[in-house]
Amino acid sequence: MSIIQSKGELQIGLGWEGSGCPVVVRGTTNEYRRALGQVARSDDIAVEIGSAAGITTVRLARICARTIGVDVQQSEVSKAI
């Protein structure tokens, strides 16, 4: 497992057998959105934790084979539907 960290950025591991499923945390939403093109692939299944109204989830869905957004705030999830 590799750990790459800089200010406002954390990527943990390469996933199962080093071939996918990185966990990516960014300092800001804009940094996170910019990272999508570097991390997400067309054959990925993406799970976005804290997806809010789903703006970034939609961006992931345009890249990945399947995308799931999860948020604890029902009001945000309702906006996404």
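**Bridges, burial and a nonpolar patch**

Me: Where do Glu76 and Lys79 both lie?
Reply: In this predicted model, Glu76 and Lys79 sit three residues apart, which is about one turn of a helix. Their side chains form a salt bridge, with the closest N and O atoms 3.2 Å apart. The element that holds both residues is helix 3 (residues 74-80).

Me: Is Lys79 buried or exposed?
Reply: Lys79 is the partner of Glu76 in a salt bridge. Its relative accessible area is 57%, and the cut-off for the top class is over 50%. Lys79 therefore counts as exposed.

Me: Which residues do salt bridges that share partners join into one network?
Reply: Start with Arg41, whose side chain meets that of Asp44 in a salt bridge of 3.3 Å, N to O. Arg41 also forms a salt bridge with Asp43, where the closest N and O atoms are 3.5 Å apart. Follow those shared partners and you get one network made of Arg41, Asp43 and Asp44.

Me: How many salt bridges does a search of the whole structure find?
Reply: Arg41 pairs with Asp43 and with Asp44. Down in helix 3, Glu76 pairs with Lys79. The count for the whole structure is three.

Me: Which residue of the Arg41, Asp43 and Asp44 network is buried?
Reply: Asp43 has 56% relative accessibility, so it counts as exposed. Arg41, at 39%, counts as partly exposed. Buried means under 20%, and a relative accessible area of 15% puts one residue of the network in that class: Asp44.

Me: How far apart in space are Asp43 and Arg66, C-alpha to C-alpha?
Reply: Asp43 belongs to the loop between helix 1 (29-39) and strand 4, while strand 5 spans 66-70. In sequence, Asp43 and Arg66 are 23 residues apart. In space, their C-alpha atoms are separated by 8.1 Å.

Me: What is the nearest side chain of opposite charge to Glu48, and how far away is it?
Reply: Glu48 belongs to strand 4 (residues 45-49), and it is buried yet has no salt bridge. A salt bridge needs a nitrogen and a carboxyl oxygen within 4 Å. The nearest candidate misses that cut-off: Arg33, 6.7 Å away.

Me: Which side chains make polar contacts with the side chain of Glu48?
Reply: Glu48 has no salt bridge, but polar partners do turn up. One polar contact, of 3.3 Å, joins its side chain to that of Tyr32. Another, at 2.3 Å, comes from helix 2 (residues 55-63), where the side chain involved belongs to Thr57. The names, then, are Tyr32 and Thr57.

Me: Is Thr57 buried or exposed?
Reply: Setting aside neighbours within four places in sequence, Thr57 is in contact with Glu48, Ser51, Thr67, Ile68 and Gly69. Its relative accessible area is 12%, and the cut-off for the lowest class is under 20%. Thr57 is therefore buried.

Me: Which residues make the nonpolar surface patch of about 470 Å²?
Reply: Look at strand 4 and strand 5 (66-70), the elements that give two or more residues to the patch. Strand 4 has the largest share, three residues. The full membership is Ile45, Val47, Ile49, Ile68 and Val70.

Me: What is the relative accessible area of Val47?
Reply: Val47 is found in strand 4 and belongs to the nonpolar patch. Its class is partly exposed, because its relative accessible area is 48%.

Me: What is phi of Ala52 near?
Reply: Ala52 is in the loop between strand 4 and helix 2, and counts as partly exposed at 28% relative accessibility. Its phi is positive even though the residue is not a glycine. The value is near 50°.

Me: In what order do the elements of the protein chain run from the N terminus on?
Reply: The secondary structure comes to three helices and five strands. Read from the N terminus on, the order is β-β-β-α-β-α-β-α.

Me: What percentage of the residues in the protein chain are buried?
Reply: Glu48, Thr57 and Asp44 are among the buried ones. Across the 81 residues of the chain, the buried share is 21%.

Definitions and conventions
Residues are numbered from 1 along each chain as its sequence is written. This is a predicted model: local features need pLDDT of at least 70, side-chain atom pairs count only at pLDDT 80 or more; totals for chains, interfaces and linings use all residues. Side-chain values use heavy atoms; hydrogens and water are left out. Helices (H or I, at least four residues) and strands (E, at least two) are DSSP runs, numbered from the N terminus. Buried means under 20% relative accessible area, exposed over 50%, partly exposed in between (1.4 Å probe, protein chains only). Lys and Arg count as positive and Asp and Glu as negative; His and the chain ends are not counted. A polar contact is a pair of N or O atoms within 3.5 Å; within protein, one must be able to donate a hydrogen and the other to accept it, and residues adjacent in sequence count only if both atoms are side-chain atoms. Patches are made of residues with over 30% relative accessible area and no salt bridge: like charges are joined within 9 Å, nonpolar side chains (Val, Leu, Ile, Met, Phe, Trp, Tyr) within 5 Å. Accessible areas come from the Shrake-Rupley method with a 1.4 Å probe; for residues, only the protein chains shown count as cover. Contact means heavy atoms within 4.5 Å.
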